[in-house]
Amino acid sequence: MEKTTTIIPQGDVERQLWYCEQVAAVTAQWPERPLAFVDTYGCQQNEADSERIRGYLKKMGFGFTDDEERARIIVINTCAIREHAEQRVLGNVGALVHVKRRHPEQLICLCGCMMQEPHVAEKIRQSYRHVDLVFGPHALWKFPEMIYTLLTQRGRIFSNADEAGSIAEGIPVVRQDKVKAWVSIMYGCNNFCSYCIVPYVRGRERSRRPEDILQEVEELAREGYKDITLLGQNVNSYGKDLEEPMDFADLLERVNAIPGEFLIRFMTSHPKDATHKLFETMARCEKVAPVLHLPFQAGNDRVLKVMNRRHTREQYLEKIRDLKSLIPDIVLTSDIIVGFPGETTEEFEDTLKVLEEVRFDALFTFIFSPRVGTPAANMDDPMPREEKLANFNRLTALQDAISEEKHRAYVGRTVRCLLDGLSDDERYDLTARTPGNRLVRVVGGRSALGQFRDVKITDANKWSLFGELIE
Ligand code: 5AD
Ligand code: SF4
């Protein structure tokens with residue numbers, strides 16, 4: 001494979017930190033410490049990107065607020081995966097026109113995948129004139145320079161050139177959580193599934209150097225993080241572009257060797273690249289959580305082919321059988337698209353058969369949403385929306401029954417869980433996660449927040465488990 005990964009020279013990243021200092025010198029003159037509001041849509045990669053934006057903002061002298069009215073800078077990190085996500089963003093950005101009228105000095109910045117779509121950026125340019133800054137994922141590392149320019153000169157900035165993408169190390173991070181952390185191990189995707197916008201907006205696959213990843217995880221472990229997720233659009237193809245190629249299973253093994261009490265998760269995996277070696281490594285590495293998110297999207301081979309998934313239903317099922325034979329209590333989740341152009345109801349029923357055979361613990365289910373620029377957006381799509389919805393409802397009803405049954409099987413068991421948050425339901429004190437990432441609502445033990453503790457599971461429904469902390 002061609003070695004195309006470009007690492008941004010350290011001096012260039014340092015220059016951005018210099019811009020942070022310049023902005024901090026400006027903000028230090030303001031009567032009050034300025035606040036920033038960072039709003040994130042979409043996947044965990046976007047959450048991880050927002051943590052870097054917050055890292056930069058903090059270095060520029062900003063505090064944080066959830067109140068748009070009090071924010072000197074508003075950053076909206078957008079998602080392009082489905083139309084619904086885009087509509088929500090556009091609605092909220094539209095509403096900001098009133099906020100900015102009350103606070104004309106406010107800077108409104110839009111970033112993320114939507115901004116990398118040329119037709120969206122053009123729409124913002126023409127019709128959302130209160131937006132000051134637009135940048136795509138490729139330009140994130142230059143955020144301080146762009147803010148400095150906006151604060152010292154007039155005008156708007158659009159930085160969303162189409163490129164294969166690069167990697168910037170050394171950007172500061174402000175993490176949102178004290179227990180769980182995301183670590184990007186690679187960016188972009190080379191798969192071009194025919195419905196998916198990601199390869200167009202996030203560029204080609206490029207892997208961070210293993211030493212940079214290991215160093216980040218070591219720091220997290222030292223700081224006491226208990227649940228670390230390695231992130232990438234397709235982590236199974238990690239390392240193919242490195243100077244010294246290394247595969248994902250080897251990386252997992254090396255992360256597992258880092259001292260400390262923490263769980264390792266990873267997402268997302270592509271079935272075509274999920275190997276027996278990976279499953280063996282998962283089984284052997286004690287810190288790697290017994291859970292795999294392995295999207296299969298559709299159960300019919302003709303549909304899979306038109307989706308350009310490059311695996312068949314039988315190949316998928318064979319991998320699952322292999323994995324279950326190595327890790328019998330593996331927790332399995334998947335993504336499914338209903339109503340792909342041309343999928344008939346009979347073909348959709350093959351998806352139901354996969355559910356029955358695999359018996360996933362949970363699913364993320366979506367109705368097909370055409371994305372401008374992807375091949376599927378131009379395919380004939382004769383099925384009426386009502387029929388797609390009816391199929392979608394059949395799918396979720398079947399999965400709800402399976403999830404509930406799987407959850408009920410936990411009742412009476414004692415499971416070592418990570419107590420990861422305060423419960424928003426007053427009947428419970430804490431939320432917790434099983435090693436397989438099932439949600440548990442727990443009575444007792446508020447002081448044990450952030451620790452691994454034994455929880456006796458007392459009840460379950462299709463969404464979650466309920467339990468008591470064992471003192
Ligand atoms: N329409 C519906 N769902 C989609 N996904 C990706 N693109 C689309 C689309 N155009 C789903 C896939 C993917 C998940 C992150 O989002 O299931 O795995
Ligand atoms: Fe999209 Fe397919 Fe890449 Fe996943 S593997 S990000 S679905 S193109």
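**Exercise 1. The largest cavity**

Which residues lie nearest the centre of the largest cavity, and how many residues line it?

Solution. The largest cavity has a lining of 17 residues, and R52, P137, H138, S166 and R206 are the ones nearest its centre. Two elements, α2 and β8 (166–167), give two or more residues each to this lining. The structure is a predicted model. The next step is the volume: the largest cavity holds about 190 Å³ of space. Then sort the lining by class, which gives 8 nonpolar, 4 polar and 5 charged residues. Finally, count the cavities of 30 Å³ or more: there are 2.

**Exercise 2. The second largest pocket**

Describe the second largest pocket by its volume, its lining and the elements that contribute to it.

Solution. Start with the space: the second largest pocket contains about 550 Å³. Its lining is made of 24 residues, and I171, V173, R175, R208 and E216 lie nearest the centre. Next, assign lining residues to elements. At least two come from each of α2 (44–59), β9 (180–184) and α7 (210–223). The element that gives the most is α7, with 6 residues. Last, sort by class: the lining has 9 nonpolar, 4 polar and 11 charged residues.

**Exercise 3. The shell around ligand 1**

Which residues surround ligand 1, and which atoms of R82, Q297 and S369 approach the ligand?

Solution. First list the shell. Ligand 1 has I81, R82, Y195, Q297, D335, I337, F366, I367, F368, S369 and R371 around it. By class these are 6 nonpolar, 2 polar and 3 charged residues. Among the elements, β15 (331–338) and β16 (362–367) each supply at least two residues of this shell.

Now take the polar contacts, for which the cut-off is 3.5 Å between N or O atoms. R82 places a polar side-chain atom 2.9 Å from an oxygen atom of ligand 1. For Q297, a polar side-chain atom is 2.6 Å from an oxygen atom of the ligand. S369 uses a backbone N or O atom instead, which lies 2.7 Å from a nitrogen atom of ligand 1. The last step is the cover: on its own, ligand 1 has 400 Å² of accessible area, and the protein covers 87% of that.

**Exercise 4. The shell around ligand 2**

Which residues surround ligand 2, and how do they divide by class?

Solution. The residues around ligand 2 are C189, N191, F192, C193, Y195, C196, V198, P199, Q233, H270 and R309. Sorted by class, the shell has 7 nonpolar, 3 polar and 1 charged residue. Compare this list with the one in Exercise 3: Y195 appears in the shell of ligand 2 and also in the shell of ligand 1.

**Exercise 5. Backbone geometry in two loops**

Where in the chain are T268 and R310, and what is the backbone geometry at the bond from M267 to T268 and at R310?

Solution. Locate T268 first: it belongs to the loop between β13 (263–267) and α9 (276–284). The peptide bond leading from M267 to T268 is cis, with omega near 0°. Then turn to R310, in the loop between α10 (301–306) and α11 (313–326). Although R310 is not a glycine, its phi is positive, about 60°.

**Exercise 6. Two annotated domains**

Which residues does UniProt list for the Radical SAM core domain and for the TRAM domain, and what is the helix and strand content of each range?

Solution. The unreviewed UniProt entry gives residues 175–405 for "domain: Radical SAM core". This range is 40% helix and 16% strand, and its end C-alpha atoms are 36 Å apart. For "domain: TRAM", the unreviewed entry lists residues 408–471. Residues 408–471 are 2% helix and 50% strand, with 23 Å between the end C-alpha atoms.

Terms used:
Residues are numbered from 1 along each chain as its sequence is written. Chains are lettered from A and ligands numbered from 1 in the order in which they are written. This is a predicted model: local features need pLDDT of at least 70, side-chain atom pairs count only at pLDDT 80 or more; totals for chains, interfaces and linings use all residues. Side-chain values use heavy atoms; hydrogens and water are left out. A residue is near a molecule or strand if one of its heavy atoms lies within 4 Å of it. Ala, Val, Leu, Ile, Met, Phe, Trp, Tyr, Cys and Pro count as nonpolar, Asp, Glu, Lys and Arg as charged, and the others, Gly among them, as polar. A polar contact is a pair of N or O atoms within 3.5 Å; within protein, one must be able to donate a hydrogen and the other to accept it, and residues adjacent in sequence count only if both atoms are side-chain atoms. Accessible areas come from the Shrake-Rupley method with a 1.4 Å probe; for residues, only the protein chains shown count as cover. Helices (H or I, at least four residues) and strands (E, at least two) are DSSP runs, numbered from the N terminus. UniProt positions are given in the numbering used here, feature names are shortened, and annotations may be inferred rather than shown by experiment. On a 1 Å grid over the protein atoms alone, a cavity is a set of points where a 1.4 Å probe fits but cannot get out, and a pocket is an open set with protein on both sides within 12 Å along at least five of seven lines; lining residues have an atom within 4 Å of a point. Grid points are joined across faces, edges and corners, and a volume is the space filled by probe spheres set on the points.
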